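Please take a moment to look over the sequence and the model before reading on. The paragraphs below then lead through it step by step.

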Amino acid sequence: MKKKHWYDYLWIWEIIYFTLGFFNILFAWLGMIEFLLPLLIAIIGGNKAFCNNFCGRSQLLTKLGTTCKCSRNKPTPKFLYSKAFRYGFLVFFMTMFANMVFQTYLVASGAGTLKETIKLFWTFRVPWGWAYTAGTVSDWVAQFSFGLYSMMLTATLIGLIVMVLFKPRTWCTFCPMGSMTQGICKLKAR
Amino acid sequence: MRKKKWAMPDEKICVSCGACRKVCPREAISIWKGCYAVVDEEKCVGCGICAKTCPAGCIEIKEEEA
């Protein structure tokens with residue numbers, strides 16, 4: 001048996017993150033770690049240590065898909081790991097991220113109002129008001145929390161859907177962070 | 001004659017997620033500079049666990065008369 005490392009348990013972190021956000025949306029800010037750390041590792045270290053070792057989402061997908069046998073384990077359709085889809089999805093995801101930051105800016109500048117909802121799959125609004133007491137922090141801080149939590153939850157839900165349909169880690173083939181960090185590493189390795 | 005089997009990832013398709021590296025019982029796989037998976041042919045016994053795990057299905061098990 002291979003030696004277990006402390007970072008092999010980071011799938012627990014993923015569950016803790018979504019649980020915390022269920023009770024208090026402000027914890028969603030912790031998701032920025034999962035956003036910035038892979039980029040920093042790729043830019044400074046020139047490797048994918050994050051995807052390879054530390055990504056809680058991929059570990060959770062492996063746990064549910066492989067250990068709990070919740071995956072059909074069928075080959076991933078070709079287009080899902082084609083360059084066009086991977087980079088297309090990256091651009092789409094970053095556009096949605098930019099839109100989320102813009103919504104935060106609108107709330108900060110007073111042009112928009114705080115919406116205490118989670119937006120799943122960039123489409124469906126789900127009431128999430130219980131996780132936030134109005135006035136606890138500046139409205140924009142809360143708006144960003146709702147936005148980031150929506151993104152994280154959407155990513156995990158898509159990950160779970162493709163995990164069930166195909167291989168446990170099918171999400172990783174078109175994960176925007178994965179595409180981005182691999183792109184950075186390829187540029188650095190040239 | 002013993003047959004030599006080994007895993008060969010396609011570096012053009014590989015997304016360097018590291019799923020193969022994690023399941024390899026011989027620790028024969030590494031992710032080269034975050035770009036793609038590389039198999040150490042000395043260590044690899046061609047068991048094919050990585051090929052079954054790879055979400056992009058980019059690992060082929062090669063076989064050759066030794």
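**Rings, charges and surfaces**

In this model, which is a predicted one, a good place to begin is Tyr7(A), which is buried because its relative accessible area is 15% and buried means under 20%. The residue beside it in the sequence, Trp6(A), counts as exposed, since its relative accessibility is 61% and the cut-off for exposed is over 50%.

How should one describe the way two such rings sit together? A pair of aromatic rings is described by the distance of the centres and the angle of the planes. A search over all chains of the whole structure finds 28 aromatic pairs. For Trp6(A) and Tyr7(A), the ring centres are 5.4 Å apart and the planes stand at 80 degrees, so this pair is edge-to-face. Another edge-to-face pair is formed by Phe22(A) and Phe23(A), with 5.3 Å from centre to centre and 85 degrees between the planes. Of these two residues, Phe22(A) counts as partly exposed at 37% relative accessibility, whereas Phe23(A), at 59%, counts as exposed. Both Phe22(A) and Phe23(A) also belong to one aromatic cluster, which includes Trp13(A), Tyr17(A), Phe18(A), Trp128(A), Trp130(A) and Tyr149(A) as well.

From rings we may turn to charges. Side chains of opposite charge can pair when their charged atoms come close. How many salt bridges are there over all chains? The count comes to two. In one of them, the side chains of Arg57(A) and Glu14(A) meet, with a distance of 3.7 Å from N to O. This pair links distant parts of the chain, for Arg57(A) belongs to helix 4 (residues 56-67) of chain A and Glu14(A) to helix 1 (residues 10-23) of chain A, and the two are 43 residues apart. Are these partners buried or exposed? Arg57(A) is buried, with a relative accessible area of 10%, and Glu14(A) is buried too, with a relative accessible area of 0%.

A salt bridge is also found in chain B, where the side chains of Glu60(B) and Lys62(B) meet at 3.9 Å, N to O. Here Glu60(B) counts as partly exposed, at 47% relative accessibility, and Lys62(B) is likewise partly exposed, with a relative accessible area of 26%.

Charges of one sign can be followed on the surface of chain B, where Asp40(B), Glu41(B), Glu42(B), Glu64(B) and Glu65(B) gather in a patch of negative charge. One of these residues, Asp40(B), has its place in the loop between strand 3 (36-39) and helix 2 (49-53) of chain B, and Asp40(B) counts as partly exposed because its relative accessibility is 30%.

Chain A offers a surface patch of another kind, a nonpolar one, formed by Phe27(A), Leu30(A), Ile33(A) and Leu37(A), which together have about 310 Å² of accessible area. Within this patch, Ile33(A) lies in helix 2 (residues 31-45) of chain A, and Ile33(A) is partly exposed, with a relative accessible area of 45%.

The backbone deserves a careful look as well. Which residue between strand 1 and strand 2 of chain A has its place in the loop there? It is Phe121(A), found in the loop between strand 1 (117-120) and strand 2 of chain A, and Phe121(A) has a positive phi of about 50 degrees although it is not a glycine. Phe121(A) counts as partly exposed at 27% relative accessibility. In chain B, Ser16(B) also has a positive phi of about 50 degrees without being a glycine; Ser16(B) lies in the loop between strand 1 (3-9) and helix 1 of chain B, and Ser16(B) is buried, with a relative accessible area of 0%.

Finally, sequence and space can be set side by side. Phe124(A), in strand 2 (residues 124-127) of chain A, counts as exposed at 53% relative accessibility, and Phe124(A) and Ser58(A) are 66 residues apart in sequence and 25 Å apart in space, taken from C-alpha to C-alpha. In chain B, Cys20(B) lies in helix 1 (residues 19-23) and counts as buried at 8% relative accessibility, while Cys20(B) and Lys52(B) are 32 residues apart in sequence and 8.7 Å apart in space, again from C-alpha to C-alpha.

Definitions and conventions: Residues numbered from 1 in each chain as written. Chains lettered and ligands numbered in written order. Predicted model: local features only at pLDDT ≥ 70, side-chain atom pairs only at ≥ 80, totals over all residues. Heavy atoms only, no water. Patch = residues over 30% accessible without salt bridge, like charges linked within 9 Å, V, L, I, M, F, W, Y side chains within 5 Å. Areas by Shrake-Rupley, 256 points an atom, 1.4 Å probe, with all protein chains shown as cover. Salt bridge = Lys/Arg side-chain N within 4 Å of Asp/Glu carboxyl O. Lys, Arg positive; Asp, Glu negative; His and termini not counted. Charge placed at Lys NZ, Arg CZ, Asp CG, Glu CD. Helix = DSSP H or I, 4+ residues; strand = E, 2+ residues; numbered from the N terminus. Buried < 20%, exposed > 50% of the residue type's maximum accessible area, 1.4 Å probe, protein only. Phe/Tyr/Trp six-rings, centres within 6.5 Å; stacked < 30°, edge-to-face > 60°.
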